[in-house]
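Visitor: Please choose one part of this protein and take me through it slowly. I would like to know how its pieces fit together.

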Amino acid sequence: MQLALDGINAYKNWADYTGIAEPKARFTETGALWMLGKSSADNACAQKRLESFGVSSTVVDAQEMKKMFPSMSTDPCPQYDPETGEELPGSFGSLSALYEHGCGFMDSSDCLEDMREACLREGVEIRFNTSVSSVTQTGGRASGVKLDDGSTITSDTVVNCLGPWFDQLNQTVGVSTSTTMLPTRIQVGHLYTDDEDILNLP
């Protein structure tokens with residue numbers, strides 16, 4: 001949780017974080033609407049947990065969600081029989097969601113350009129089209145990485161930044177975690193419209 005809070009603070013203060021007076025990337029605050037099928041009691045517990053980290057949130061029902069986002073449907077998504085395609089009967093109960101204040105996004109391409117500029121300024125060498133095959137060890141500690149071409153790079157510190165694929169590199173040195181991480185495809189849709197209600201969706 002603290003890592004996420006540190007990240008959002010960096011995004012909101014991107015110029016200070018990167019040391020770039022006029023960075024390309026900028027933070028756009030949208031908030032985050034968590035619709036995870038939880039009950040209002042479960043969301044209230046999540047709200048208290050967020051509050052303990054200084055994060056403001058609001059538990060909302062279907063009526064309140066309609067006020068916040070008039071264009072959003074609060075009807076439950078139907079379930080279908082994969083064999084027949086027929087809709088399956090079911091009761092989903094009352095809708096409850098958690099709206100987290102202060103969340104937002106930045107353009108990833110602009111972020112990368114800013115990070116590249118900051119890294120080059122600090123003397124960092126960036127190698128494109130270079131794959132890491134494994135982490136090397138000395139005395140039971142990470143001492144560098146081995147590249148796909150067989151060459152090695154030595155370092156006092158190795159940072160694994162493979163995102164959801166990080167476990168592939170961890171396995172080369174026998175490092176395991178208590179959770180299973182799988183790459184997940186995220187669908188992003190773009191809709192060009194002048195409808196203000198649509199533009200105000202989270």
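Guide: Let us look closely at an open sheet of 3 strands, in which β8, β9 and β10 follow one another in that order with antiparallel pairing. Strands here are DSSP runs of E, at least two residues long, and helices are runs of H or I of at least four, both numbered from the N terminus; two strands pair if DSSP finds at least two bridges between them. Keep in mind that the model is predicted, so local features need pLDDT of at least 70 and side-chain atom pairs 80 or more, while totals for chains, interfaces and linings use all residues. Residues are numbered from 1 along each chain as its sequence is written, and side-chain values use heavy atoms, with hydrogens and water left out.

Begin at the edges, where β8 (132-138) and β10 each pair on one side only. From one strand to the next, the twist averages 30° (axes are lines fitted to C-alpha atoms, for helices over the stretch in contact, with angles of 0 to 180 degrees between N-to-C directions).

Now follow the chain. β8 and β9 run antiparallel and are joined by 6 bridges. One of the bridged pairs is valine 132 with leucine 147 in β9. These two strands form a hairpin with 2 residues between them, and there glycine 139 takes a positive phi near 60°.

Next comes the step from β9 to β10, which are antiparallel too and share 3 bridges. Here valine 145 faces isoleucine 153 across the pair, and lysine 146 stands opposite threonine 152. Their hairpin has 4 residues between the strands, and in its turn glycine 150 has a positive phi of about 95°. If you trace the side chains along a strand, a useful rule is that in a regular strand they alternate between the two faces of the sheet.

The sheet also leads us to the largest pocket, because β9 (141-147) and β10 (152-154), along with α5 (108-121), each supply at least two residues of the lining. A pocket is found on a 1 Å grid over the protein atoms alone: it is an open set of points where a 1.4 Å probe fits, with protein on both sides within 12 Å along at least five of seven lines, and lining residues have an atom within 4 Å of a point. The volume of the largest pocket is about 1000 Å³, taken as the space filled by probe spheres set on the points, which are joined across faces, edges and corners.

Of the 25 residues in the lining, the closest to the pocket centre include Val132, along with Glu125, Arg127, Val159 and Cys161. We met valine 132 earlier as the bridge partner of leucine 147. By type, the lining divides into 15 nonpolar, 7 polar and 3 charged residues (Ala, Val, Leu, Ile, Met, Phe, Trp, Tyr, Cys and Pro are nonpolar, Asp, Glu, Lys and Arg charged, the others, Gly among them, polar).

α5 gives the most to this lining, with 4 residues, and the helix has another link worth a look. The side chain of its glutamate 113 meets that of lysine 24 in a salt bridge, at 3.7 Å from N to O. Lysine 24 lies in the loop between α2 (14-18) and β1 (28-29), so the pair ties together parts that are 89 residues apart in sequence. The whole structure has 3 salt bridges, counted when a side-chain nitrogen of Lys or Arg is within 4 Å of a carboxyl oxygen of Asp or Glu.
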